[in-house]
Amino acid sequence: MIGGFVPLFLEWLQSTTVPATAVVVAALGVFGMVGPVILIQVAKSRKDSDAGVSAAAEGGPDRTRSKSGVVSEDSADTEAGSNADRDNGGEINQDTRGDADEPSPGPEESDTERQVDFAELLDADDSAASELGSGAAAGSEDAREFDDLTDPAAFHRDLLAPAAIEWETRVARVGEQWTSTLYVAGYPDYPKDGYLSGLFELTDVEFDLTIDLTPKNQRRAKDELQDTADDLQAEADLERTVRGAYLQERAVEATATYKAVENGQRVFSQATFITVRADTRDELRESVKKIRATLREQPAGLEPKTAICTQDLAIQSGAPVGPNPLGREAIALGGAVGALLASPHNPTILEEGGVEFGTHRDTHSPVVVDPFGRDDGYAMFTVGDPGSGKSFSAKQNFLRTLEQDEDRIGVILEPLNDWVGVAEALDAKRITVGGTMGLNPLEIKPTPERVLRARGDDASPLKERRDRVVSFLTNFFALRNVDLGDRRTTLEMALDEAYERKGITEDVSTHDRDSPTITDILDILDEMGEDPGPYVVRSVAEGEKLAADAVWLLDQLRPFDSGGRFENLGRESEFDIRDEDVVYLDLAQRGGSLGGHTSLLMELLVSLVYERAKETEKEVVFVIDEARYLMKDAETLSYLETIFRHHRHHDLSIQLITQTVDEFFQRDVAEIILDQCAVKQFHKLDGMDKTWANEFGLNHAQMRFVQNTMPGDQERGYSQALLGVDGEWRGIEISALDQEQEIIDFDPETNALGDGRSSSSTLTAPTDDVRPTSPANPDTD
């Protein structure tokens, strides 16, 4: 919302011809609780009618968003700063009050027009009505009522004004409430986008936030900035103490600020007031403490001060209409105004048809995200240390995602048997890889017409399937420390011949025919070894080479033949996810131990699930735990990148879960896969440092949150995580429903639920109308 509001708001400021104070009042009831009222008062300059440019797109013709500092007036010296690297203006610490001896500007030099007294306008418009009422009998009831109608300004004041006001040094009693008004005396050199967002997460504090913005005369601002930079440089050249280095630094920043304004940055006068309200003195005191702490902490970094002995002026300055008698202005560039206006954003996300990932850690409002509602993909990435709660959260999210739509299909792929309880509780169809069920690496399924149209005319499903088969077999040789070398050409020739014999071509209409198998490839290699002639292109020597390669490949692919270790991978696939609600692909054959072919088998299964997703009209939720095993091989990454690039066309949501992030940054292709994940969730991760934070676009506060995230325990009742949705990050707390806890803790060996009760053969996922009552198991990763 704010992304569209900021440019429109400031474009209005630029184009409007309203000659007096224009006021924008936005009332925010945050999450239906007690929330702030935001008053942004913008005074329009008579001379500088073009002063309001888009603060969210300052800095040049490319209209990229810039940031700039806000200027505090509390310093007697005139100082300026800027962030030259960003083409942004920095802070200008300038006394805007002026000296007593300085002559006041003439009418033509005035920055702002005289404030209009709306009461005068109303009185003038109603003068005739006043004359008509002059004959009414003095003191009569009718006369008093008629006076109210003929003096609307007074009537409005009587309606709005409190019955009584008591003024004290730091507080005031306004009607039935106690109030205390603060002003901001100091701003950071480089304010962050949305630096006041912390205020709007204080749902237990009642306050009004008033921001008065006045465009400054651009020519005069440039002259003042130039004088400031020159003065600071002169002082720095003369100063021989340690302060000289400080002055030199400020002079450089002031020069950069001047250049930013010269290049188009607009200059504003800004005053910020916060009126805190409460029913009692004690409540007011606690609320003021919370407001002060929030304003001082990051990302705000402000210096709030109480208006001592001037609470009457401060309340007037904080009013929605009227002048600013308290003053306390600061100078800000356009980028700082844009950073300010990004503050009243919605700290939570509530998407229709979505899944509750948790509750916002500050506002305790639900964070509801639809994994199939993202424009740039449906994939998700979850990472955390062992014991951080990542697996518990992933299982809970899996249950809720399936429950949200009964037509969704759930597929679980993990090598350590960590999900076997969930699979058994949901009565999932269990497919043991390495067992007897046939799984065909060469299988190809028809691509729906709608997907082909979306992908374009150059899409080639057969070529992609062929590349995945070659990748699978190449990794098979690599895992056995066998160098395929130039024999790869012969292998590819046999593969192409296998598809051709089945009548499968680039024509998509042929892809519903029976797919070839590795056994078919073995038969073709056998023929090549005996009679390579039909496969020779030019010379007789080719035949000898083909025959030798074929014999070698037959020997190396022996495990896929009858009686071999991977015999089931040489047959047609014998499972179909279309008729299943939940499918559990079990890679562990020895009680959770991992063999050397784990990544190879995971690659095969991902490929087969992708092919099945192409066939079904249902949405498929595909969870891949221990995803780091897929990131080790370049060939695997290449085909994975293709799957991630096209997964949303097949309504496939791939959810990667891992303990480390290193593997995702060792190759460029892995980073591309990570970029396809629109939803990212970080649990406690000791390895999160500045390098990884920069890779994921986390600021320092977000990095520290991930480092210190609580894994959760039974007493606390929740675990924490940092959730990123489309690049926006929120801290969340994760707790479980009773039914969810039972499913996640289900013990298949005893056929009992987590609390010792026996279970039926199938447990259903919880319904939406049940709220969390049971904490997450702290011992569950």
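Trainee: Let's start with strand β20 (residues 677-682): how many of its residues are buried?

Mentor: Keep in mind that this is a predicted model. Strand β20 is largely enclosed by the rest of the structure, because its buried residues number 6 of the 6.

Trainee: Which strand pairs with β20 in the parallel sense?

Mentor: Look for a partner running from residue 379 to 383. It's joined to β20 over 5 bridges, with Val-383 standing opposite Phe-682. That partner is strand β14.

Trainee: And which residue in β21 stands opposite Val-679?

Mentor: Strand β21 covers residues 719-725 and pairs with β20 in the antiparallel sense, over 4 bridges. Within that pairing, Val-679 of β20 faces Val-725.

Trainee: Moving on to β9 (residues 267-278), is this strand mostly covered or mostly open?

Mentor: Buried here means under 20% relative accessible area. By that cut-off, 11 of the 12 residues in β9 are buried. So the strand is mostly covered.

Trainee: How many bridges does β9 share with β8 (residues 206-215)?

Mentor: Those two strands run in the antiparallel sense. One spot to find on screen is Phe-207, which stands opposite Val-276 in β9. The bridges between β8 and β9 number 10.

Trainee: Which residue of β9 does Trp-178 stand opposite?

Mentor: Strand β7 (residues 177-186) is antiparallel to β9, and 6 bridges join them. Across from Trp-178 you'll find Ala-278.

Trainee: What is the bridge partner of Phe-268 in β11?

Mentor: Strand β11 takes in residues 330-333 and is antiparallel to β9, with 4 bridges between them. The partner of Phe-268 there is Ala-332.

Trainee: Now the surface. Why does Leu-159 count as exposed?

Mentor: You'll find Leu-159 in helix α5 (residues 152-160). Together with Phe-155 and Leu-160, Leu-159 forms a nonpolar patch on the surface, with about 350 Å² of accessible area. Exposed means over 50% relative accessible area. Leu-159 counts as exposed because its relative accessibility is 58%.

Trainee: There's a patch of negative charge on the surface too; which residues gather there?

Mentor: One of them, Asp-531, lies in the loop between α16 (518-530) and α17 (540-556). The patch is made up of Asp-523, Asp-526, Glu-530, Asp-531, Asp-561 and Glu-567.

Trainee: How does Asp-531 count: buried, partly exposed or exposed?

Mentor: The partly exposed class lies between the 20% and 50% cut-offs. With a relative accessibility of 45%, Asp-531 therefore counts as partly exposed.

Note on methods:
Residues are numbered from 1 along each chain as its sequence is written. This is a predicted model: local features need pLDDT of at least 70, side-chain atom pairs count only at pLDDT 80 or more; totals for chains, interfaces and linings use all residues. Side-chain values use heavy atoms; hydrogens and water are left out. Patches are made of residues with over 30% relative accessible area and no salt bridge: like charges are joined within 9 Å, nonpolar side chains (Val, Leu, Ile, Met, Phe, Trp, Tyr) within 5 Å. Accessible areas come from the Shrake-Rupley method with a 1.4 Å probe; for residues, only the protein chains shown count as cover. A salt bridge is a side-chain nitrogen of Lys or Arg within 4 Å of a carboxyl oxygen of Asp or Glu. Lys and Arg count as positive and Asp and Glu as negative; His and the chain ends are not counted. The place of a charge is taken as NZ of Lys, CZ of Arg, CG of Asp or CD of Glu. Buried means under 20% relative accessible area, exposed over 50%, partly exposed in between (1.4 Å probe, protein chains only). Two strands pair if DSSP finds at least two bridges between them.
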